[in-house]
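Dear colleague,

I am passing on the structure we spoke about, and my notes on it follow below. Please read them with the model open beside you.

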Amino acid sequence: MSEHVSETSQTDEHLETLEDGPDVTAEAAPEVAEPTSEPADSSLPEEEDLDDAQDDADETGSDDEQPTRPGRRDRLEQEGEIAADYLEELLEITDLDGDLDMDVEGDRATVSIVGANLPQLIGEQGEVLEALQELTRLAVYRETGERSRLMLDVSGHRAERRAALEEQAATIVAQVRETGERASLEPMSPFERKVVHDVVSAAGLVSESEGAEPRRYVVVLPAS
């Protein structure tokens with residue numbers, strides 16, 4: 001990614017890639033074969049490329065023109081089931097407790113490991129959770145042949161982080177409105193930046209992402 005990339009909130013979010021140092025090894029997780037056609041760690045598309053247009057295209061045409069395919073929600077539920085099977089096997093291998101909750105939120109499948117405190121699957125700054133989410137998405141890709149935007153949570157970590165970020169973003173929005181000057185937040189993961197962008201957009205202001213991973217951060221701009 002080039003230095004000092006700036007873009008609006010609608011084109012910001014990138015598929016979360018593995019951070020340096022996630023402590024998830026091949027021995028600790030079920031084996032996931034990488035796609036043979038292209039490397040998994042560098043060729044996954046940006047999240048904004050996985051938009052509704054592709055899903056709409058999947059539904060076009062008559063039965064005579066193309067095979068019948070499951071609807072969007074059915075496909076997302078299938079993603080959740082595949083992910084849950086993968087994670088259940090991982091928990092068994094690592095001898096960790098936890099229950100699995102599956103749901104569909106908007107255009108994403110969501111899977112949560114609940115019922116146990118599992119800091120070893122989260123990491124100090126959530127880096128292990130990011131890596132585990134990527135591995136789970138690859139497991140889904142192996143089974144379906146389609147890119148996944150599945151969201152994984154462990155022990156409510158993302159839910160708690162989302163609430164804290166929404167409060168922080170609201171404070172920054174109020175500051176920018178009062179001073180009329182742009183304000184920058186600390187470097188964040190793609191998931192965290194997306195939460196901030198959503199809050200800023202709902203408040204009627206504009207935000208951009210600047211810098212390069214892993215130091216990419218959100219800038220909130222005053223109303224023009």
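**Salt bridges and their surroundings**

The structure holds ten salt bridges, and since this is a predicted model, please take each distance below as a value computed from the predicted coordinates. As general background, side chains of opposite charge can pair when their charged atoms come close.

One of these bridges is formed by Arg161 and Glu192, whose closest N and O atoms are 2.7 Å apart. This pair links distant parts of the chain, with Arg161 in helix H5 (residues 157-179) and Glu192 in helix H6 (residues 190-202), 31 residues apart. Arg161 counts as partly exposed because its relative accessibility is 25%, whereas Glu192 has a relative accessible area of 13% and is therefore buried, the cut-off being under 20%.

A second case is Arg182, which forms a salt bridge with Glu210, the closest N and O atoms lying 3.0 Å apart. Here too the pair links distant parts of the chain, since Arg182 is in the loop between H5 and strand E5 (183-184) while Glu210 belongs to strand E6, 28 residues apart. Arg182 is partly exposed, with a relative accessible area of 45%, and Glu210 is buried, with a relative accessible area of 6%. Salt bridges that share partners also join Arg161, Glu186 and Glu192 into one network.

The side chains of Arg142 and Glu143 meet in a salt bridge as well, at 3.8 Å from N to O. Arg142 has a relative accessible area of 41% and so is partly exposed.

**Strands E6 and E7**

Strand E6 (residues 206-210), which contains the Glu210 just described, is largely enclosed by the rest of the structure, because four of its five residues are buried. Five bridges join E6 to strand E7 (residues 217-221), and the two strands run antiparallel. Within this pairing, Glu208 stands opposite Val219 in E7. The hairpin of E6 and E7 has six residues between the strands, and in it Gly211 takes a positive phi near 90°.

**Rings and charges**

How many aromatic pairs does the count give? The count comes to zero aromatic pairs, yet there are places where a charged side chain sits over a ring. The charged end of Arg147 sits over the ring of Tyr141, 4.4 Å from its centre, and Arg158 lies over the face of Phe191, at 4.7 Å from the ring centre.

**Helix H3**

Glu88 lies in helix H3 (residues 72-94) and, at 42% relative accessibility, counts as partly exposed. Glu88 and Leu100 are twelve residues apart in sequence, and their C-alpha atoms are 7.7 Å apart in space.

**The protein as a whole**

Taken over the whole chain, the secondary structure comes to six helices and seven strands, which follow the pattern β-α-α-α-β-β-α-β-α-β-α-β-β when read along the sequence. Of the 224 residues in the protein, 40% are buried. Among contacts between residues at least 6 apart in sequence, 66% join residues at least 24 apart, and the links from Arg161 to Glu192 and from Arg182 to Glu210 can be read alongside that figure. The protein exposes about 12,300 Å², of which carbon and sulfur atoms supply 45%.

With best regards

Key
Residues are numbered from 1 along each chain as its sequence is written. This is a predicted model: local features need pLDDT of at least 70, side-chain atom pairs count only at pLDDT 80 or more; totals for chains, interfaces and linings use all residues. Side-chain values use heavy atoms; hydrogens and water are left out. Buried means under 20% relative accessible area, exposed over 50%, partly exposed in between (1.4 Å probe, protein chains only). Contact means heavy atoms within 4.5 Å. Accessible areas come from the Shrake-Rupley method with a 1.4 Å probe; for residues, only the protein chains shown count as cover. Rings of Phe, Tyr and Trp (its six-membered ring) pair if their centres lie within 6.5 Å; planes under 30 degrees apart count as stacked, over 60 as edge-to-face and the rest as tilted. A charge sits over a ring if NZ of Lys or CZ of Arg is within 6 Å of the ring centre and within 35 degrees of the ring normal. Two strands pair if DSSP finds at least two bridges between them. A salt bridge is a side-chain nitrogen of Lys or Arg within 4 Å of a carboxyl oxygen of Asp or Glu.
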